[in-house]
Amino acid sequence: MRTNTHRRTALRTAAISVIAGTALLAPAAAALASSPAPQRPAVAPAAAAKDVKIDIGAGVTITVKGGKPYYNGKVIKPGGTVDDGIYVHLSADGKRLYSKTQGGGTPYAIWDVKTGKNLGTQKTSPTAKAKAALTAKPSATSVKAWQELRVSGKATGIKAGSKVTLQQKQRGTWKSLPASTSVNKSGAYSMRVKLGLKGKNDLRVQSGTTLSPVFNVTVR
C-alpha cells in the first residue's frame with residue numbers, strides 16, 4: 001500500500017510540474033505574439049529627373065522632360081524628324097539628338113539627350129540611306145577543279161534576307177552560277193562554291209543592281 005501511495009504522489013507532482021510549466025510558457029508566447037513586427041526603414045522616393053535644355057543655336061532651345069525632347073511644345077518621338085527651317089532628328093533609340101541650323105559650319109550637331117552635352121558633329125544626314133555595297137573574298141585563290149571553297153563578304157545598305165549570287169565571266173559576259181545565299185541580320189553572307197573552268201576565273205557577287213569588286217580564283 002505504501003508503494004502505491006508513493007507512486008500516486010509522484011505522478012501528481014509530475015502533472016502539477018507540467019501544468020505549471022505550461023502556465024509559465026503561455027504568457028511568454030502571448031507576449032511574443034503581441035509584440036509589433038519590426039518596421040523597415042522608409043525608402044526615400046527617387047528624385048525626379050531634372051529638365052535638360054539643349055541650345056542648338058539660332059535662338060532655338062530643345063527642352064528634355066522625363067527623357068523626352070520637346071520642340072515648340074511637341075514631343076519628338078524616337079526616329080522622328082522636324083524640318084521647318086530648323087532641322088532636328090532623334091535617333092531610333094532616343095539617346096541622340098541631331099540638329100542643323102541655317103548658316104553653317106559642319107551641318108549636323110550631335111547631342112546627348114540625357115545630359116544635353118554636345119558630342120561633336122558629322123557631315124552626313126543621320127537619316128541618309130547608306131549606299132548599297134558588297135564585298136567578296138574567296139577562302140582560297142587557287143583550287144583543283146570542282147574543289148569546294150567559300151566566298152564570304154559583307155553587304156551594306158542591303159536588307160537582311162536579300163539574295164546574293166556568284167557570277168563568273170565567260171567569254172566576256174557575266175553569267176550567274178548555281179551558287180547563292182542570303183544576307184543575314186548582321187549584313188554578312190557566306191556561300192559554298194565549286195568551279196570547273198580551268199585557268200584564271202574572274203568572279204563577282206551580285207545582289208539586285210549591286211555588284212562586288214571583281215576577284216580571281218585559279219582552277220588547276
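This dialogue walks through several features of a predicted model, moving from the overall make-up to single residues.

Visitor: Before turning to details, how many helices and strands does the protein have, and what share of its residues counts as buried?

Guide: The predicted model has one helix and 19 strands, and of its 220 residues 27% count as buried. Among the contacts between residues at least 6 apart in sequence, 42% join residues at least 24 apart.

Visitor: How should I read a sheet, and what is the strand order in the sheet that contains β1?

Guide: As a general idea, strands of a sheet pair through backbone hydrogen bonds, and the pairing is either parallel or antiparallel. Here four strands form an open sheet in the order β1-β2-β3-β4, with antiparallel pairing. At its edges stand β1 and β4 (74-75), each with a single partner strand, so one side of each is left without a neighbour in the sheet.

Visitor: Which residues stand opposite one another in this sheet, beginning with D55 in its pairing with β2?

Guide: Strand β1 (residues 52-57) and strand β2 (residues 60-65) run antiparallel and are joined by five bridges, and within this pairing D55 has T61 of β2 as its bridge partner. The two strands form a hairpin with two residues between them, and A58 in the turn has a positive phi of about 55 degrees. On to the next pair: β2 meets strand β3 (residues 68-71) over three bridges, again in the antiparallel sense, and V64 stands opposite P69 in β3.

Visitor: Which residue lies over the face of Y70?

Guide: That residue is K65, placed at 6.0 Å from the ring centre of Y70.

Visitor: What is the strand order in the open sheet of five strands, and which strands are at its edges?

Guide: The order is β5-β6-β7-β8-β9, and the pairing is antiparallel. The edge strands are β5 (81-83) and β9 (118-122), each of which pairs on one side only. Neighbouring strands of this sheet are turned by 15 degrees against each other on average, with direction ignored. Within the sheet, strand β7 (residues 96-100) and strand β8 (residues 108-112) run antiparallel and are joined by four bridges, where Y98 has I110 of β8 as its bridge partner.

Visitor: How many aromatic pairs does the structure hold, and how is the geometry of such a pair read?

Guide: The structure holds one aromatic pair. The ring centres of Y87 and Y108 are 5.4 Å apart and their planes stand at 75 degrees, so the pair is edge-to-face, given that planes over 60 degrees apart are classed in this way. Y87 lies in strand β6 (residues 87-90) and Y108 in strand β8, so the pair ties together parts that are 21 residues apart in sequence.

Visitor: Are these two tyrosines, Y87 and Y108, buried or exposed?

Guide: The cut-off for buried is under 20% relative accessible area; Y87, at 9%, therefore counts as buried, and Y108, at 11%, counts as buried as well.

Visitor: As a last case, where is S207 placed, and what does S207 touch?

Guide: S207 is in strand β17 (residues 199-207), and because its relative accessibility is 9%, S207 counts as buried. Leaving aside residues up to four places away in sequence, S207 touches L134, I158, S162, K163 and V164. With K163 there is also a polar approach, since a polar atom of the side chain of S207 lies 2.9 Å from the backbone oxygen of K163.

Key:
Residues are numbered from 1 along each chain as its sequence is written. This is a predicted model: local features need pLDDT of at least 70, side-chain atom pairs count only at pLDDT 80 or more; totals for chains, interfaces and linings use all residues. Side-chain values use heavy atoms; hydrogens and water are left out. Buried means under 20% relative accessible area, exposed over 50%, partly exposed in between (1.4 Å probe, protein chains only). A polar contact is a pair of N or O atoms within 3.5 Å; within protein, one must be able to donate a hydrogen and the other to accept it, and residues adjacent in sequence count only if both atoms are side-chain atoms. Contact means heavy atoms within 4.5 Å. Two strands pair if DSSP finds at least two bridges between them. Axes are lines fitted to C-alpha atoms, for helices over the stretch in contact, and angles run from 0 to 180 degrees between N-to-C directions. Rings of Phe, Tyr and Trp (its six-membered ring) pair if their centres lie within 6.5 Å; planes under 30 degrees apart count as stacked, over 60 as edge-to-face and the rest as tilted. A charge sits over a ring if NZ of Lys or CZ of Arg is within 6 Å of the ring centre and within 35 degrees of the ring normal.
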